[in-house]
Amino acid sequence: MKEKLINNKKKIIATIVTVAILAIAIVGGYTGTAYYYAKQNDNYSEEEIMKLALEQVDGEVISIHKEFDIEDDRLSQSEFEYEVEIKTPQNRLQEVTVHSRTGIVEVDNDMYHHD
């Protein structure tokens, strides 16, 4: 009886490990495919991204961060988004998002002041 319990325990552990490995492989493949498409959709250099942002908000670029955006419903539309922080002539910090696939610029109007 004890031997049967040990064998069942081993089978349960093996099943759990197998399921976990398969889940990791599926998620990895999904993320890898989305990343591949994002690389294909990266249509602007960092310099061009800064130029697009500065066309919308006057000032000096303080920082730029590249983020990976997975489009769950259409992996082929996955892209990188650039978060650009600009210090305006009014000494305000303005955040701008630029989409690397389309070049669309979104200005965040809810930013805070630096006096």
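Which residues form one aromatic cluster? In this predicted model, the answer is Y35, F68 and F80. Let's walk through how the three rings sit.

The structure holds 4 aromatic pairs, and two of them are worth a look here. A pair of aromatic rings is described by the distance of the centres and the angle of the planes. Take Y35 and F80: their ring planes stand at 85°, over the 60 degrees needed, so this pair is edge-to-face. It also links distant parts of the chain, since Y35 belongs to helix α1 (residues 2–40) and F80 to strand β2 (residues 79–87), 45 residues apart.

F80 has a second partner in F68. Here the planes are at 45°, so the pair is tilted. F68 lies in strand β1 (residues 60–69) and F80 in strand β2, so this contact ties together parts 12 residues apart in sequence.

| Pair | Centre distance | Plane angle | Geometry |
|---|---|---|---|
| Y35 and F80 | 5.6 Å | 85° | edge-to-face |
| F68 and F80 | 5.9 Å | 45° | tilted |

Now for solvent: is F80 buried or exposed? With a relative accessibility of 4%, F80 counts as buried, because the cut-off is under 20%. Its two partners don't share that label. Y35 comes out at 40% relative accessibility and counts as partly exposed, and F68, with a relative accessible area of 30%, is partly exposed too.

One more neighbour joins the picture on the F80 side. K66 lies over the face of the F80 ring, at 4.3 Å from the ring centre. So F80 pairs with Y35, pairs with F68 and has K66 over its face.

Notes
Residues numbered from 1 in each chain as written. Predicted model: local features only at pLDDT ≥ 70, side-chain atom pairs only at ≥ 80, totals over all residues. Heavy atoms only, no water. Phe/Tyr/Trp six-rings, centres within 6.5 Å; stacked < 30°, edge-to-face > 60°. Helix = DSSP H or I, 4+ residues; strand = E, 2+ residues; numbered from the N terminus. Buried < 20%, exposed > 50% of the residue type's maximum accessible area, 1.4 Å probe, protein only. Lys NZ or Arg CZ within 6 Å of the ring centre and 35° of its normal.
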